[in-house]
Amino acid sequence: MNKAVEATKIKPVAGEPWVYLDTGKDLEKWNKEDEIAYNQATWQTHKLALYAQMFHFFRANEMEGDYYEFGCHRARTFRMALTEARRHNLENMQFLAFDSFAGLPELETPMETRHSLYAPGALCTTEEEFRSLIQEHGIYVDRCRTIKGFYKDSLTKALQNDLLTQGSRIGIVNIDCDLYGSAMPVFEFIDPLLQEGSIIYIDDYFVGFKGSPTKGPAGAFSEYCKKSHFKFIEYQQIGWQGRSFVAYIE
């Protein structure tokens, strides 16, 4: 196993400090690639634990609804959703993937993000690559739908009405939007599709602005909450950067 992935495992020891901590000898040859692998393994482990809890919540509350995802790079969380839906025997759930499949859009303002990785065209997984990953995963493939395009163009009123007419409601939604300008139209689009008990997971809540709740995706969510007839209670935090919320009506 990769040493960086192995380092994510907590190993108890019989004595202070009661858990094993890597020493200078262990980390003697630690490099940037190890750091990236370590961070990704830790982060994805937290997310998989969240997905297990979200789908258990969905099942235990006898909910009905679909899985929506906005921002589907590498289909990592989308595959988590498919796996957990199967584990919870959700035979009626549909899975909708919204993405440009061309990477990030042009920044509308310099304040869209302060993250150096979020350049136009970054984080690109093509629609063909995404479909191939889902096909290979082999769970509920025939119930997966892709909606391609930048959100300001693809999230139309007509599409919203079609989904409502089809009886689709959001059970769980992952909003993995790295920019304020991408997140805002998503919140406006999903509002009539939400129901009491819908879980909103915001993947990059604390990315880019040192935790400020007024900028980036967090700022978009804050603005949306002021306009929606739904209220939102914080559900679970996911690592250092993600947050989730449950919709309810007073």
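How are helix 7 and helix 8 oriented relative to each other? They are roughly parallel. This report starts from that pair and then visits other parts of the structure. Please keep in mind that the model is predicted.

## Helix 7 and its surroundings

The axes of helix 7 and helix 8 (residues 216–227) come within 8 Å of each other and cross at roughly 30°. Since angles under 35 degrees count as roughly parallel, the two helices are described as roughly parallel to each other. Their crossing is right-handed.

How much of helix 7 is buried? Eight of its 11 residues are, so helix 7 is largely enclosed by the rest of the structure. The buried residues in helix 7 include Ser-182, Ala-183, Met-184 and Pro-185. Val-186, Phe-187, Phe-189 and Ile-190 are buried in helix 7 as well.

A salt bridge involves this pair of helices too: the side chains of Lys-227 and Glu-188 meet with an N to O distance of 3.6 Å. Lys-227 lies in helix 8 and Glu-188 in helix 7, so the salt bridge ties together parts that are 39 residues apart in sequence. Lys-227 is exposed, with a relative accessible area of 55%, while Glu-188 is partly exposed at 44%.

Now look at Leu-179, in the loop between strand 4 (170–175) and helix 7 (180–190). Is Leu-179 buried or exposed? Its relative accessible area is 1%, so Leu-179 is buried. From C-alpha to C-alpha, Leu-179 and Ala-220 are 9.0 Å apart in space, although 41 residues separate them in sequence.

## Helix 3 and helix 4

Another pair to find in the structure is helix 3 (residues 76–87) with helix 4 (residues 127–137). These two pack at an angle of about 30°, and their axes are 11 Å apart. That angle makes helix 3 roughly parallel to helix 4. The crossing of helix 3 and helix 4 is right-handed.

Within helix 3, Glu-84 and Arg-87 sit three residues apart, about one turn of the helix. They form a salt bridge, and their closest N and O atoms are 3.6 Å apart. How exposed is each partner? Glu-84 counts as buried at 6% relative accessibility, whereas Arg-87 counts as exposed at 61%.

In helix 4 you can locate Arg-131. With 44% relative accessibility, Arg-131 counts as partly exposed. Arg-131 and Arg-145 are 14 residues apart in sequence, and their C-alpha atoms are 9.3 Å apart in space.

## Salt bridges

How many salt bridges does the count come to? The count is 11 salt bridges. Three of them are set out here, with the distance between N and O atoms.

| Partner | Partner | N to O distance |
|---|---|---|
| Glu-84 | Arg-87 | 3.6 Å |
| Lys-227 | Glu-188 | 3.6 Å |
| Arg-243 | Glu-234 | 3.5 Å |

In the Arg-243 and Glu-234 salt bridge, the side chains meet at 3.5 Å, N to O. Arg-243 is buried, with a relative accessible area of 12%, while Glu-234 counts as partly exposed at 47%. Elsewhere, Arg-86, Glu-91 and Arg-143 are joined into one network by salt bridges that share partners.

## Places on the surface

Which residues form a nonpolar patch on the surface? Ile-10, Val-19 and Leu-21 do, with about 300 Å² of accessible area together. Of these, Leu-21 is found in the loop between helix 1 (3–6) and helix 2 (32–60). Leu-21 has a relative accessible area of 53%, and because exposed means over 50%, Leu-21 is classed as exposed.

One more residue to look for is Glu-250, in the segment after strand 7 (242–248). Glu-250 counts as exposed, at 76% relative accessibility. Glu-250 and Glu-84 are 166 residues apart along the chain, and their C-alpha atoms are separated by 30 Å. Glu-84, the buried partner of Arg-87 described above, has 6% relative accessibility.

Note on methods
Residues are numbered from 1 along each chain as its sequence is written. This is a predicted model: local features need pLDDT of at least 70, side-chain atom pairs count only at pLDDT 80 or more; totals for chains, interfaces and linings use all residues. Side-chain values use heavy atoms; hydrogens and water are left out. Patches are made of residues with over 30% relative accessible area and no salt bridge: like charges are joined within 9 Å, nonpolar side chains (Val, Leu, Ile, Met, Phe, Trp, Tyr) within 5 Å. Accessible areas come from the Shrake-Rupley method with a 1.4 Å probe; for residues, only the protein chains shown count as cover. A salt bridge is a side-chain nitrogen of Lys or Arg within 4 Å of a carboxyl oxygen of Asp or Glu. Helices (H or I, at least four residues) and strands (E, at least two) are DSSP runs, numbered from the N terminus. Buried means under 20% relative accessible area, exposed over 50%, partly exposed in between (1.4 Å probe, protein chains only). Axes are lines fitted to C-alpha atoms, for helices over the stretch in contact, and angles run from 0 to 180 degrees between N-to-C directions. Angles under 35 degrees count as roughly parallel, over 145 as roughly antiparallel, 65 to 115 as roughly perpendicular and the rest as oblique. A crossing is left-handed if the near helix is turned anticlockwise from the far one by less than a right angle, and right-handed if clockwise.
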